Amino acid sequence: MSIREQLEEIKQNGLRELENFADAKELDNIRVRYLGKKGELTAILKQMGKLSAEERPVIGQIANEVRQTLEAAVQKSLETLKEKEMALRLAKETVDVTLPGESKPLGGLHPLSIVQNELIDIFQSMGFDIVDGPEVETDYYCFEALNVPKDHPARDMQDTFYLGDNLLLRTQTSAAQARVMEKRTPPIRIVCPGRVYRADEVDATHSPVFHQMEGLVVDKGITMCDLKGCLEQFAHEIYGPETKVRFRPSFFPFTEPSVEVDVSCSECGGKGCRICKGTGWIEILGAGMVHPNVLRGCGIDPDVYSGFAFGIGLDRLTTTRYKISDIRLLFENDQRFLDQFQGR
Ligand code: DAH
């Protein structure tokens, strides 16, 4: 085969291969094989010495043309390859804006917090301040200041976790009363929500940690009528205006007289059901007129001022409101339970 024919063959083969390659790597291999320093074209050019002086420039020109043709074809293939890669990338990176977004799970409030917030709203709208008290409390504020001296039998009503001689976990949010009365001068109108502790066995209705909201009003001329009006208003707001409210005489060392307050069962309307244990009534709080000893102990003259106080059980309010049959559910934080209150 003459050099001219060989050059023609290289050109044809090269062009054919350059139309049919898989990827960038293969394209580069083809380029090196035909146009590289050790490539086929260079090999042919090395034979130019054998040619006659007339033939040399002619063949040299043909060789140059072959090189240029192949170089142009490589360039074209490179561009095609780039275009293909770009098209592929664009297809891969396309964002379908019509797809629905990823839903992120949202937390919700604990049922106790929902009820507590509702109560805070009700009492705030009646002009009460919200105060906080310590859960680790002194014997003085939890008992003595509330007219319950060390040897008082009423201490048996509340099985206490003592942390030392004088420190304990508060058994009632009433402990906040004396702290507030010592610091503020009447008129006083506060509620204190929070956790309380008693050494009770755990069962469906008892827990060693539970929740209360204490209320205290002290001013000149406060009477039992104010207590009734305030608590009736509260019961109607939380359970609905048709709810009946019942005041039963009771005993608490820090109030005189003392009452316990029941509301007609919102589930059965007072006929008796599982929620109210057949009685038609649900006890929601203890209350009374602040005992003169308590006022005096906090530096408030009981001949000038009087007051009423109440302690609401938040757990009972929550379990009856949502028909929760076991108080333990409030403390286990089972996600399946908590999810049911999302968005309330
Ligand atoms: N602290 C009482 C309890 O835990 C509830 C209570 C009753 C609070 C009467 C009061 C009150 O402020 O006046 O059982």
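Why does Phe-123 count as buried? Phe-123 counts as buried because its relative accessibility is 0%, and the cut-off for a buried residue is under 20%. The model described here is a predicted one, and Phe-123 is a convenient place to begin reading it.

Phe-123 belongs to helix 5, which covers residues 111-125. Across the whole structure, a search finds nine aromatic pairs. One of them joins Phe-123 to Phe-128 in an edge-to-face arrangement, with the ring centres 5.2 Å apart and the planes at 70° to each other. Phe-128, like Phe-123, is buried. Phe-123 also pairs with Phe-234, and here the rings are stacked: the centre-to-centre distance is 5.2 Å, with 25° between the planes. This second pair connects distant parts of the chain, since Phe-234 sits in helix 8 (residues 224-239), 111 residues away from Phe-123. Phe-234 has a relative accessible area of 0% and is therefore buried as well. The three phenylalanines belong to one aromatic cluster, which also includes Phe-308 and Phe-310.

Aromatic rings also appear in another kind of contact, with arginine. Arg-179 is placed over the face of Tyr-141, 4.2 Å from the centre of the ring. Arg-321 is likewise over the face of a tyrosine, Tyr-322, at 5.6 Å from the ring centre.

The next topic is the ligand. There are 16 residues around the ligand, and those that come nearest are Gln-172, Ser-174, Arg-198, Gln-212 and Glu-214. For Arg-198, an N or O atom of the side chain is 2.8 Å from an oxygen atom of the ligand. Gln-177 has a polar side-chain atom 3.2 Å from a ligand oxygen atom. Ala-309 takes part through its backbone, where a polar atom is 3.2 Å from an oxygen atom of the ligand. On its own the ligand has 360 Å² of accessible area, and the protein covers 92% of this. Three strands each give two or more residues to the shell around the ligand: strand 5 (209-219), strand 8 (281-290) and strand 9 (306-313).

Two further strands form a hairpin. Strand 6 (residues 245-252) and strand 7 (residues 255-264) run antiparallel and are joined by seven bridges. The hairpin passes from strand 6 to strand 7 through two residues. To locate the pairing in the model, the reader can start from Phe-247, whose bridge partner in strand 7 is Val-261.

Conventions. Residues numbered from 1 in each chain as written. Predicted model: local features only at pLDDT ≥ 70, side-chain atom pairs only at ≥ 80, totals over all residues. Heavy atoms only, no water. Pairing = 2+ DSSP bridges. Helix = DSSP H or I, 4+ residues; strand = E, 2+ residues; numbered from the N terminus. Phe/Tyr/Trp six-rings, centres within 6.5 Å; stacked < 30°, edge-to-face > 60°. Buried < 20%, exposed > 50% of the residue type's maximum accessible area, 1.4 Å probe, protein only. Lys NZ or Arg CZ within 6 Å of the ring centre and 35° of its normal. Near = heavy atom within 4 Å. Polar contact = N/O pair within 3.5 Å; in protein donor to acceptor, adjacent residues only side chain to side chain. Areas by Shrake-Rupley, 256 points an atom, 1.4 Å probe, with all protein chains shown as cover.
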